[in-house]
Amino acid sequence: MTTSRQMRLLTHPPGTLPIPGEVALEEVPVPEPGPGQVLVRNLYMAIDPGLLLRMRCLDGLVPDFPLGEVMWGHALGEVVASADPGKRPGDVVLHRLAWREYALADAAKFDVVDADLYPSRSHHLSSAVVAWVGLSRIRIAPGDTVVVSSAAGAVGSVAGQLAKLRGAGRVIGSVGSPDKAGRVVRTLGFDDAFDYHEGWPDLGGVDVYYDNVGGQQLEAAIEAMNPHGRIVLCGGTEQQVSGQPHGIRNMQLVIAKRLTLQGFTTDDHPDVIAEFTREFPPLVARGAVVLPETVIDGLENIIPAMRAQLEGAHFGKVLLRFRPDGRPAPATPRS
Ligand SMILES: NC(=O)c1ccc[n+]([C@@H]2O[C@H](COP(=O)([O-])OP(=O)(O)OC[C@H]3O[C@@H](n4cnc5c(N)ncnc54)[C@H](OP(=O)(O)O)[C@@H]3O)[C@@H](O)[C@H]2O)c1
């Protein structure tokens, strides 16, 4: 019998990082689709800092994963059996039923994508859309100096490249190690990069700051901004990892410099997402944007991979690849 492994949440992690005992990996029979349903074998799921936010119970800040249930998240898979005329075996689909090797649901839960749209199928799970929407919220003027924090991360690595394409004069990355600093310059075309653990160097005035981390670096950016500078607030990883809020102590400078601080959430901007869908894939196809990835194999390794991501061990988008099982697909269902 074909089986599928899946992961349930047992307790909300009290700490800032998850540990294996907080989840249960179980093996269940792969079900057959009922009328209107589709069975998908998952290929990849996205490992994002947001998963951990949903595992922890943050009092309504983000929707929690319910205790005892299989968790959810962005995944890419291949249809192996379908009882819906709109989906065929072999279709590659995007959906939210991650944390399981096989996903069964109504056909409407799966969006068929062009499997050849990007150089790698996994690129469908990139965080480029977040960078695209974030940059659409602020103005980049020709020649601007742009700083991106967590520049080696899933969002930051793309935000820096897009800022350059939108006319920035200098794009500078803030990262957690000298090795990452070298890699964002060598492989992603950043003009410069620095290790924030050494503090922010003198950058000669910053016009735009794309902030993925908040906290101490947001404060450093406010110090470094030119008058009328723009800050796009994308994420707060520093507080997520440390568990310690860091108050901004130089708010007076925001006023004195007439800065703009703009927060956003990607889902609020369907028009910009539509623009991204049209305009971004060709940039990747012609090599104008690179999508760096770190791939971890096997659902059993997801908790250590999530920890390692937040500890800064990975480069680019972090993906879990489901084991290529070679197991036979279940029989095509009767309709
Ligand atoms: N607004 C939205 O709609 C939206 C959508 C998606 C994601 N987000 C948020 O955007 C941010 C970036 O997302 P992502 O997926 O690209 O994650 P990410 O930046 O790849 O997150 C992992 C990285 O965070 C960095 N980090 C860990 N602790 C840090 C600290 N104390 N200070 C500074 N950096 C630290 C590490 O890089 P280093 O090695 O360089 O330290 C690590 O590699 C996250 O906060 C995420 O929640 C927002």
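In this predicted model, the shell around the ligand is made up of 11 nonpolar, 12 polar and two charged residues. In total, 25 residues surround the ligand, and the closest are Ser150, Val155, Gly176, Lys180 and Tyr196. Three helices, α3 (154-165), α6 (237-242) and α9 (302-310), each contribute at least two residues to this shell. The largest share, three residues, is supplied by α6. Residues of the shell come both from domain 1 (3-126 + 291-321) and from domain 2 (128-285), and the ligand therefore lies between the two domains.

Polar atoms of the protein are also found beside oxygen atoms of the ligand. A backbone N or O atom of Gly176 is placed 2.8 Å from a ligand oxygen atom, and a backbone N or O atom of Gly236 lies 3.5 Å from an oxygen atom of the ligand. For Thr266, a polar side-chain atom lies 2.9 Å from an oxygen atom of the ligand. Of the 920 Å² of accessible area that the ligand has on its own, the protein covers 85%.

The model further contains an open sheet of six strands, arranged in the order β10-β9-β8-β11-β12-β13 with parallel pairing. The edges are formed by β10 (192-195) and β13 (260-263); each has a single partner strand, so one side of each is left without a neighbour in the sheet. From one strand to the next, the twist averages 15 degrees. In general, the strands of a sheet pair through backbone hydrogen bonds, in either a parallel or an antiparallel manner. Strand β12 (residues 225-233) runs parallel to β13, and four bridges join the two. Within this part of the sheet, Leu233 stands opposite Gly263 in β13.

Terms used:
Residues numbered from 1 in each chain as written. Predicted model: local features only at pLDDT ≥ 70, side-chain atom pairs only at ≥ 80, totals over all residues. Heavy atoms only, no water. Near = heavy atom within 4 Å. Polar contact = N/O pair within 3.5 Å; in protein donor to acceptor, adjacent residues only side chain to side chain. Areas by Shrake-Rupley, 256 points an atom, 1.4 Å probe, with all protein chains shown as cover. Nonpolar A, V, L, I, M, F, W, Y, C, P; charged D, E, K, R; others polar. Domains from an automatic or database assignment. Pairing = 2+ DSSP bridges. Axes fitted to C-alpha atoms, helices over the stretch in contact; angles between N-to-C directions.
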